[in-house]
Amino acid sequence: MIRWQSESIWEAVAPLLAGFTVEVLPEIDSTNSELMRRARAGRTEPVLLVGERQTAGRGRLGRAWESAPGDSLTFSLGLEMAPADWSGLSLAVGVSVAESLDPAVRLKWPNDLWLQDRKLGGILIETASFGNGAATARYAVIGIGINIAPRPAAGLATPPAWVRELLPQADGSGVLQRLAAPLVRDVLGFAQAGFRPFHARFDARDALRDRPVTLSDGTAGTAHGVSEAGALLVHTAAGLRPITSSEVSVRPAAS
Ligand code: BTN
């Protein structure tokens with residue numbers, strides 16, 4: 001059984017975020033789904049919700065997110081935000097988490113955490129409007145799943161990576177403790193200043209930079225970093241193409 005250090009996470013984060021709470025549930029369908037349900041019911045207080053077991057974890061593009069209790073860290077941070085521009089939030093979150101973990105952790109646009117070209121974790125951000133809908137503020141649900149220990153590779157194109165490859169003694173609680181306060185600080189920084197302050201930090205960890213990529217529509221090109229708004233820039237035969245759609249998946253081309 002994991003002993004979550006909820007109190008020390010709360011102590012580190014509460015000064016940054018008034019009304020913040022930490023909640024650990026032994027089982028939930030999905031921490032993202034739960035916070036989205038609460039937001040729709042008018043509950044938009046800032047919270048970090050950990051699910052020890054998710055029975056219906058969700059990934060991007062409608063995929064399932066499989067995880068086993070103890071072997072992975074699955075949580076969502078929910079908070080009200082009103083950035084002038086939401087573009088690049090998932091990249092900023094990736095930068096924050098990668099920097100808290102290890103210099104070897106890299107980012108695969110738009111929001112995968114990678115270790116030696118294998119997926120270490122993923123980010124799923126959803127937002128809900130609340131109140132009368134006239135204000136620009138929304139409730140952001142920032143869901144993060146990180147593999148802590150080895151997990152089955154069946155059905156995956158490349159085997160996953162896990163945190164204990166880097167930090168042999170790590171557990172979900174320690175990893176959460178390590179990344180929670182910097183994450184909240186960075187998300188609040190994003191709400192103030194947008195993606196711009198994260199641009200160089202993303203560049204420093206960009207796993208695709210100068211590598212051949214294939215877009216999901218079959219277009220081949222070379223990744224050339226990200227724009228000021230967080231779009232992936234791809235050199236294709238038709239010129240430099242900014243990729244913004246979250247429906248586009250990008251993979252290193254077979255060499
Ligand atoms: C992806 O890489 O496709 C994103 C995965 C996001 C998974 C996390 S686990 C916690 C939160 N709850 C969910 O149902 N999904 C996110």
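Which space is the largest pocket? In this predicted model, the space taken by the ligand is the largest pocket. Let's start the tour there.

**Stop 1: the ligand and its neighbors**

Select the ligand and show the residues around it. You should find 20 residues surrounding the ligand, and the closest are Ser30, Gln54, Arg58, Arg60 and Lys119. Keep those five on display for a moment.

Now look at some individual atoms. Pick Gln54, where a polar side-chain atom lies 2.9 Å from a nitrogen atom of the ligand. Move on to Arg58, and show its backbone this time: a backbone N or O atom of Arg58 lies 2.7 Å from a nitrogen atom of the ligand. Then select Lys119, which has a polar side-chain atom 2.5 Å from an oxygen atom of the ligand. How much of the ligand does the protein bury? Taken alone, the ligand exposes 420 Å², and the protein buries 98% of that.

**Stop 2: the shell around the ligand**

Switch to a cartoon view and color the helices and strands. Which elements give two or more residues to the shell around the ligand? They are helix H2 (31-40), strand E3 (72-81), strand E6 (118-129) and strand E7 (138-147). Strand E6 gives the most, with four residues. If you color the shell by residue type, you will see five nonpolar, eleven polar and four charged residues.

**Stop 3: Phe75 in strand E3**

Stay with strand E3 and select Phe75, which is found there. Is Phe75 buried or exposed? Its relative accessible area is 1%, so Phe75 is buried. Next, add Trp86 to your selection. Phe75 and Trp86 are eleven residues apart along the chain, and their C-alpha atoms are separated by 21 Å.

**Stop 4: two pairs from distant parts of the sequence**

Go to helix H3 (residues 89-101) and select Val95, which lies in it. Val95 counts as buried because its relative accessibility is 0%. Add Arg205 and draw a line between the two C-alpha atoms: Val95 and Arg205 are 110 residues apart along the chain, yet these atoms are separated by 7.7 Å.

For the second pair, pick Pro46, in the loop between H2 and strand E2 (47-51). With a relative accessibility of 13%, Pro46 is below the 20% cut-off, so Pro46 counts as buried. Select Val141 too. Pro46 and Val141 are 95 residues apart in sequence and 9.8 Å apart in space, C-alpha to C-alpha.

**Stop 5: some backbone surprises**

Before this last stop, keep a general rule in mind: most residues other than glycine have a negative phi, and most peptide bonds are trans.

Zoom in on the bond between Trp109 and Pro110. A cis peptide bond joins these two, with omega at about 0 degrees. Pro110 lies in the loop between strand E4 (106-108) and strand E5 (112-115).

Follow the chain to Asp117, in the loop between E5 and E6. What is the phi of Asp117? It is near 65 degrees, a positive value in a residue other than glycine. Asp117 counts as partly exposed because its relative accessibility is 34%.

Finish at Asp210, in the loop between helix H5 (199-203) and strand E8 (212-214). Phi is positive here as well, near 60 degrees, and Asp210 is a residue other than glycine. With a relative accessible area of 53%, Asp210 is exposed.

How values were computed
Residues are numbered from 1 along each chain as its sequence is written. This is a predicted model: local features need pLDDT of at least 70, side-chain atom pairs count only at pLDDT 80 or more; totals for chains, interfaces and linings use all residues. Side-chain values use heavy atoms; hydrogens and water are left out. A residue is near a molecule or strand if one of its heavy atoms lies within 4 Å of it. A polar contact is a pair of N or O atoms within 3.5 Å; within protein, one must be able to donate a hydrogen and the other to accept it, and residues adjacent in sequence count only if both atoms are side-chain atoms. Accessible areas come from the Shrake-Rupley method with a 1.4 Å probe; for residues, only the protein chains shown count as cover. On a 1 Å grid over the protein atoms alone, a cavity is a set of points where a 1.4 Å probe fits but cannot get out, and a pocket is an open set with protein on both sides within 12 Å along at least five of seven lines; lining residues have an atom within 4 Å of a point. A molecule sits in a cavity or pocket if more than half of its atoms lie within 2 Å of its grid points. Ala, Val, Leu, Ile, Met, Phe, Trp, Tyr, Cys and Pro count as nonpolar, Asp, Glu, Lys and Arg as charged, and the others, Gly among them, as polar. Buried means under 20% relative accessible area, exposed over 50%, partly exposed in between (1.4 Å probe, protein chains only).
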